[in-house]
Every structure is written in C-alpha cells, then in structure tokens.
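Please open the model in your viewer and keep the selection tool at hand. The tour below proceeds by selection, each stop saying what to pick next and what is found there.

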Amino acid sequence: MDILSVLSGRLEVVDDSTSSGELVNKLVSRGPTEEPLQLVELDNFVKRHYEWLKCLPRVRPFYAVKSNDDPALVETSILLGCGYDCASKSEVRRMLGLGVSRDKIIYAQPAKTIEGLQFAKERNIRTVFDSESELRKIHQIYPEAEVLIRYRFDSKNALVQLGSKFGCDPDVEARELLDLAKELNINVIGWCFNVGSGCSDADIFYEAIKKGRQITDYAKSLGFHFWYLDLGGGFSGAKGQGLNQYAVHINRALDEFFPEEPGLLIIAEPGRFYSASVVTSVIPVHGKRVIRNSLDRNTIDNIFYFFNDGIYGTFYSAKYRGIKVNPIVWKSASDCGPIRKCTLFGPTCDGNDYFAKDIQLPELELSDFVVFENQGAFARVHSCRFNGFCLPKSVVFVRNSIWNLLDELASEKAHPDKLVLESSYLQTNNSIESIKFE
C-alpha cells in the first residue's frame, strides 16, 4: 500500500505561514453544517513525534490507537515509524493490514476475548496479563506466547484511573503470578504498567520504573530474562504541555535502574500526547433558549445554547473525564452581546447531553461559531450516532514543510528517527488567535 498516496487524498496542503486561525476561518466560511467539523492539523502530530524522539531517546513510541484512530493520523504514524499499542483484535488486525510488522505491535489488553487471543496466536503477537485467570487462558490457547506482566502503579492525579480495572499488585501478586508462569512454562519477557490517562504528577514514572526493577530482579531469580519494558501511557498532550516534565524522571530512572544493555527494548504507549493538540472543534450555535427569572422577567438567569456536537460526539471527555472546555467565540467582541451565564448542550434529546454548565460567555446568536482546541484525544473514538445525528467530520490540513518531510520518509530519503527540530516551523505552537473578552 502506498501510504503517502492514500494520505494525500485525505488532506489539503497549505503554506507554512498559514495560521491556525486562518484554518478555522476556512471552516467557518462554509457556514453552519449538519455535521460537526473537526479541524485536524497534522503538523501537531508530527511535531509531537519529534519532541518524543528528542526528549526520550531510549523509549520507542508505540502510538495508542484507541486515543484517536483517524486514518490520517494512523497513516502518518506509519510514515514516522511508530509502533502500536492495540487494545483489541480489531486494532491489531487493522495495523497488520496496513503493513505494520508484528514486532511493532503490543496487544496490551489484560483481559482478552478467547477469539482475540486465538488471533494473536495466529499472528504471533505479543500480549500482556495481570491475573491468574488470564495467565491460565494464555497457557491453554497460546502457550508459546511472549507476554508481559502488567502491574498496578496509579497516579493520584490522572484524569482516568486505570488501576481500578487493570494491573496486579506489584509486590505480593506479581510474585505469585511469576511463580505460576514459571510452573506453566510461559515465556514472560518483561513488564508493563500504566499510571493513568493524563497524569499530572510526572515523578510517578520514576517510582513505577523503580518498582519494575524489583519485579525484574525477582523474575531473574526464577530464570526469566526480561528484555521488554513498557512504560504505558499517561502523558498529557494539550497545547503548551510538553514532554520535559515526564522525560526528566523517566530518563533518570532508566539510567539508574536499567542502564543501556544490548537487546533491551523500552517502549511507551503515548496516545493523548500525540493526538490531543491535533484537533480543534469548530461548531455553530443552531439553537438558543433564554431562561428568565421567574420573579423579574427582565432578568436573564441563563442561556441554553444548542450545538450540533455534544457528549455523544466530541465532548464525552468534557462530561465524564473532568476535562474543562475552553470555548473561543469566533466573532469580534463588538458584535457580541453582554456576558451571561450559559449552558452548552449537544443536539440529542438526552437532557444530560451538555458539556459545559453555568459558564460565562458573551451572548451569541444563531449561526455564531464557537471553537474548542485540544479535542484530539478520546473524542472521535467515543462518538456515536445516538438519535441519528452525524459523527464529527475531520477536515485535515498539513503545512508544506511537514508534507515534504512525510514525502521524504515515504520515499526512504530520510530515516523515521531523523530529527528535524532545527526547522523554524517545527518550533512554532500554532495556537489559535483567540478573541479576548474583557
């Protein structure tokens, strides 16, 4: 498959000088549409990749497909040489179908279906376990598997706590499971953990890797040779949030507990870090309801705005993950009404379909546009057609310099790990020129 040719049909190449605000204007100029629009700036995805290579040179990125499976992002990640964290049989099959080597895939699902495990056996895919039941299932169906033991090490400040569902106790239970794996003759080749999605206490990675050293040493005493270490995800990715806060603790821990040695493979599963800043939601007001005070009808208590996008589309995380939205009204201040308390609703008949409540915005009118940055992580993948409404539509742009880089990578003129951070364009942030209201 010619990935670059397929990708070229999904996007528009624009000049390097084109700002994010100008791209928003392109979408707004179309006027209100039935389907919500997501502005996808492929440049931000590529820049995140090179930031990763620069900050974490020992850690290979295995993109978490579940964070955003937009074809344009997935195809770009292939050109960049990423590996893949897959959570399901479907994701594994998709990446194999795109020509990805099985060595660049980890089936990182601790509770696989029997059919999924059988598929992994047929394709010789590495996977993980965190319980006696899963280990015995692997022994029964895929006894020759190379597997990682997943242990729990939660950040207290993550947006999503994953340890409540996955990961064995790293002290007592991990040793019991390794003892059982030895008894069953299962080839445990390493460990993995996930501190939780959107972790803000970056030093947790140091402690998690330190715990991994203890597990490695116990495994060695049983005769296992651990050569595959997976640091999981948890890296924030909004504009202005870089990787350095994590890298300083990860690099220190790896140097201290896992000095470089031949054959040692260290990966991580960034999803949010790569995809969050890539997408900007651009949606119009298609309905408005003014809530007046019951005692003084001249007083407006609240305004309900209705959009063509909501919790069943882009804004699931705003409702259920505690991620606050930062609406940018896309019109000049002089054209807006006074600042009022308002609630932002999606289009469905579900009364719970609101993604911001009692916030302050200048009064808007029908067909006014509101813009939301950093909507690339766990938005598209949560979208559904509840009530028959349209899924968000991706409108993909890429700047000329980045497109030329991808062309070089596709034609093997450049190595995927080639650092191009010297490019002045790659150092820009491309934040939207938001309108400020006093």
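Begin by selecting glutamate 75, which is buried, with a relative accessible area of 5% (buried means under 20% relative accessible area, exposed over 50%, and partly exposed in between, with a 1.4 Å probe and protein chains only). This is a predicted model, in which local features need pLDDT of at least 70 and side-chain atom pairs count only at pLDDT 80 or more, while totals for chains, interfaces and linings use all residues. Residues are numbered from 1 along each chain as its sequence is written, and side-chain values use heavy atoms, with hydrogens and water left out.

Now add arginine 10 to the selection, whose side chain meets that of glutamate 75 in a salt bridge at 2.8 Å, N to O; the term stands for a side-chain nitrogen of Lys or Arg within 4 Å of a carboxyl oxygen of Asp or Glu. Arginine 10 lies in the loop between helix 1 (3–8) and strand 1, and glutamate 75 lies in helix 4 (residues 71–80), so the pair ties together parts that are 65 residues apart in sequence. Helices (H or I, at least four residues) and strands (E, at least two) are DSSP runs, numbered from the N terminus. Unlike its buried partner, arginine 10 is partly exposed, with a relative accessible area of 36%. Over the whole structure, a search finds 28 salt bridges.

**Strand 17 and its neighbours**

Next, select strand 17 (393–399), which is largely enclosed by the rest of the structure because five of its seven residues are buried. Strand 1 (residues 11–14) pairs with strand 17 in the parallel sense over four bridges, where two strands count as paired if DSSP finds at least two bridges between them. Within that pairing, glutamate 12 stands opposite phenylalanine 397. Strand 2 (residues 37–41) also runs parallel to strand 17, joined to it by five bridges, and here phenylalanine 397 is the bridge partner of glutamate 41.

**A shared salt-bridge network**

Which residue forms a salt bridge with glutamate 41? Select arginine 399, for the closest N and O atoms of this pair are 2.7 Å apart. The two belong to distant parts of the chain, glutamate 41 to strand 2 and arginine 399 to strand 17, 358 residues apart, and both are buried. Arginine 399 forms a salt bridge with aspartate 43 as well, with the closest N and O atoms 3.3 Å apart; this pair links strand 17 to helix 3 (residues 42–55), across 356 residues. Arginine 399 counts as buried at 0% relative accessibility, and aspartate 43 likewise counts as buried at 0%. To see the wider arrangement, extend the selection to Glu41, Asp43, Lys239, Glu373 and Arg399, which salt bridges with shared partners join into one network.

**Two residues with positive phi**

Move on to phenylalanine 378, in the loop between strand 16 (369–372) and strand 17, where phi is near 55°, a positive value in a residue other than glycine. Is phenylalanine 378 buried or exposed? At 18% relative accessibility, phenylalanine 378 counts as buried. Then select asparagine 185, in the loop between helix 8 and strand 8 (187–192); its phi is near 60°, again positive in a residue other than glycine, yet asparagine 185 is exposed, with a relative accessible area of 64%.

**Strands 12, 14 and 15**

Select strand 14 (residues 339–345), which pairs with strand 12 (residues 300–307) in the parallel sense over four bridges, with phenylalanine 306 opposite phenylalanine 345. Strand 15 (residues 354–362) runs antiparallel to strand 14 and is joined to it by six bridges, and in strand 15 the bridge partner of cysteine 342 is isoleucine 359.

**Two last stops**

Pick tyrosine 320 in helix 12 (residues 316–320), which counts as partly exposed at 42% relative accessibility. A distance between the C-alpha atoms of tyrosine 320 and isoleucine 291, 29 residues apart along the chain, comes to 26 Å.

Finally, select glutamate 173 in helix 8 (residues 172–184), which counts as partly exposed at 30% relative accessibility.
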